[in-house]
Amino acid sequence: MSPLDTAATLPRNSDIEAALAEAREAYAAARPRSAALHAKAREVMPGGNTRTVLFYTPFPTAMVRGEGCRLWDADGREYLDLLGEYSAGLFGHSEQRILAAVKAALDAGINLAAVGEKEGQLAHLIAGRFPSIEMVRFTNSGTEANLMALAAARGFTGRVKTMVMRGGYHGGVLTFGTEHSAVNVPIPLAFTDYNDPAAATRDILAEGEQLAAVLVEPMLGSGGCIPASVEFLQALRDATRKTGAVLIFDEVMTSRHGPGGLQQMTGVTPDMTTLGKYMAGGMSFGAFGGRADIMAVFDGHRPGTLPHAGTFNNNVWSMAAGCVAMGEIFDAAAAEALYARGEGLREALNAACARAGVAMQFTGRGSMLSVHFRPGPVTAPYKPGPAEEKLRELFFFDMLAAGIYIARRGMVALSLPVTEADCGRYVAAVEEFIAARRPLLAV
Ligand SMILES: Cc1ncc(COP(=O)(O)O)c(C=O)c1O
């Protein structure tokens with residue numbers, strides 16, 4: 001039986017609540033082992049997990065094995081993995097060159113409390129690739145990279161305030177879906193609107209010399225794979241040049257787009273860039289870099305510079321895997337090919353939605369895309385209405401039933417092992433979804 005047969009037999013229910021109830025029930029019935037693991041974890045972990053993005057009701061699917069772009073869950077079901085570990089899994093789950101590099105690094109001794117040969121090598125690979133990066137340092141995560149980039153901007157400018165975008169996401173303690181969250185680091189903030197060049201210019205100039213930094217994703221990732229317009233990024237560039245604020249592009253996700261990230265594609269060069277996710281082959285990683293004069297605030301050869309600590313900043317497995325990932329596998333040609341594959345997939349998905357005339361579309365760039373259940377252009381972050389929320393959930397369960405693993409919020413991040421045939425399978429599953437759920441998708 002093809003995995004799509006499962007989707008085809010899903011209920012054609014015109015009432016979304018009933019459809020969802022049925023989908024949830026089928027989901028739970030098929031995954032007793034995941035349910036049991038969740039119940040056990042809940043005894044000692046709030047919500048039964050330790051990474052909020054992986055939480056959903058009734059309980060998340062527990063995965064036990066991955067190979068290439070395939071995953072197997074605790075109940076023995078196989079999936080095509082189109083989530084790609086939220087973009088960190090660019091190389092898939094079993095790239096032999098990454099595994100060999102990590103193994104060799106561990107065989108040579110687990111962390112040596114010393115500088116090694118790989119960190120300089122990886123730094124050269126990265127500096128050679130991204131237009132804004134003259135100097136770079138490493139962290140353990142994208143969150144930390146952003147925190148340290150902001151520290152660099154404060155140290156360099158002697159100012160304290162940071163401007164971020166409403167709807168932006170820069171890590172667990174820098175999350176701006178709502179302006180004020182108890183989870184965020186208590187740094188002085190100003191806000192402006194994504195993809196609104198006039199508002200951004202006005203707001204940056206109004207802050208004037210108060211502003212140490214402007215932090216922006218050149219495509220919103222968590223916010224729904226919504227690309228920034230070149231005009232918007234250029235407005236940020238022009239206004240920050242006027243006030244002296246440090247412009248930071250968070251390319252933790254988007255650095256995979258082409259050889260030099262979205263900064264190269266858009267031709268807008270920030271002062272600093274933050275990186276992370278896939279770049280160490282799937283090992284924990286973050287990096288921040290940029291203009292040499294700004295990064296010099298961490299140069300230990302100079303008196304009075306800032307410290308940048310972190311036990312695992314140059315851990316041997318991330319450094320070794322990063323050198324192979326960026327030096328041998330994800331070269332310019334591989335980056336361009338992956339980008340093209342993603343563009344083709346998004347076009348095919350949008351063509352299917354347009355043919356069916358439904359209020360459903362996919363936004364994104366290259367290998368990252370997200371589903372939206374609304375008509376008209378999606379150019380800014382938005383709070384989905386209750387019906388949209390339910391459709392997203394239904395879509396997620398229907399994709400799982402079809403054997404396709406995506407983010408609960410509807411995001412896809414293609415990995416290198418994903419083939420054209422795999423992309424075709426996703427398009428077919430989306431077409432099945434549209435056919436089965438059409439009454440719920442009216443424009
Ligand atoms: C744009 C962006 N910045 C920063 C981060 C944080 O990275 P990490 O989860 O490695 O801390 C993420 C993670 O999803 C991200 O999407």
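Reader: Which residues are around the ligand?

Author: This is a predicted model. In it, the residues around the ligand are S141, G142, T143, N146, Y169, H170, G171, E217, D250, V252, M253 and K277.

Reader: What makes a residue count as near the ligand?

Author: One of its heavy atoms must lie within 4 Å of the ligand. T143 has a polar side-chain atom 2.4 Å from a ligand oxygen. That value is within the cut-off, so T143 counts.

Reader: What makes the pair between D250 and the ligand a polar contact?

Author: A polar contact needs N or O atoms within 3.5 Å. A polar side-chain atom of D250 lies 2.7 Å from a nitrogen atom of the ligand. The pair therefore qualifies. G142 uses its backbone instead: a polar atom there is 2.9 Å from an oxygen atom of the ligand. Of the 380 Å² of accessible area that the ligand has on its own, the protein covers 84%.

Reader: Which helix gives the largest share of the shell around the ligand?

Author: Helix α6, residues 142-157, with 3 residues. By kind, the shell divides into 3 nonpolar, 6 polar and 3 charged residues.

Reader: Why is N195 called buried?

Author: Buried means under 20% relative accessible area. N195 has 18%, so the word applies.

Reader: Where is N195 found?

Author: In the loop between β6 (189-193) and α7 (197-207).

Reader: What does the side chain of N195 have as polar partners?

Author: One is the backbone nitrogen of S229, 2.8 Å from a polar atom of the N195 side chain. Another is the backbone oxygen of T379, also at 2.8 Å from a polar side-chain atom of N195. Both values are within 3.5 Å, so the distance test is passed. Leaving aside neighbours within four places in sequence, N195 is in contact with residues including I226, P227 and F232.

Reader: How do you know that the span of helix α12 agrees with its number of residues?

Author: Take 1.5 Å times one less than the number of residues. Helix α12, residues 332-356, has 25 residues, so it should span 36 Å. Its end C-alpha atoms are 37 Å apart, which agrees.

Reader: Which residues of α12 are buried, and what covers them?

Author: Among the buried ones are A334, L338, Y339, E343, R346 and C353. Their label means under 20% relative accessible area. The cover for the buried residues of α12 includes α9 (261-266), α11 (316-329), β13 (361-365), β14 (368-372) and α14 (420-437).

Reader: What follows α12?

Author: G357, with a positive phi near 65°.

Conventions: Residues numbered from 1 in each chain as written. Predicted model: local features only at pLDDT ≥ 70, side-chain atom pairs only at ≥ 80, totals over all residues. Heavy atoms only, no water. Polar contact = N/O pair within 3.5 Å; in protein donor to acceptor, adjacent residues only side chain to side chain. Areas by Shrake-Rupley, 256 points an atom, 1.4 Å probe, with all protein chains shown as cover. Helix = DSSP H or I, 4+ residues; strand = E, 2+ residues; numbered from the N terminus. Nonpolar A, V, L, I, M, F, W, Y, C, P; charged D, E, K, R; others polar. Buried < 20%, exposed > 50% of the residue type's maximum accessible area, 1.4 Å probe, protein only. Contact = heavy atoms within 4.5 Å.
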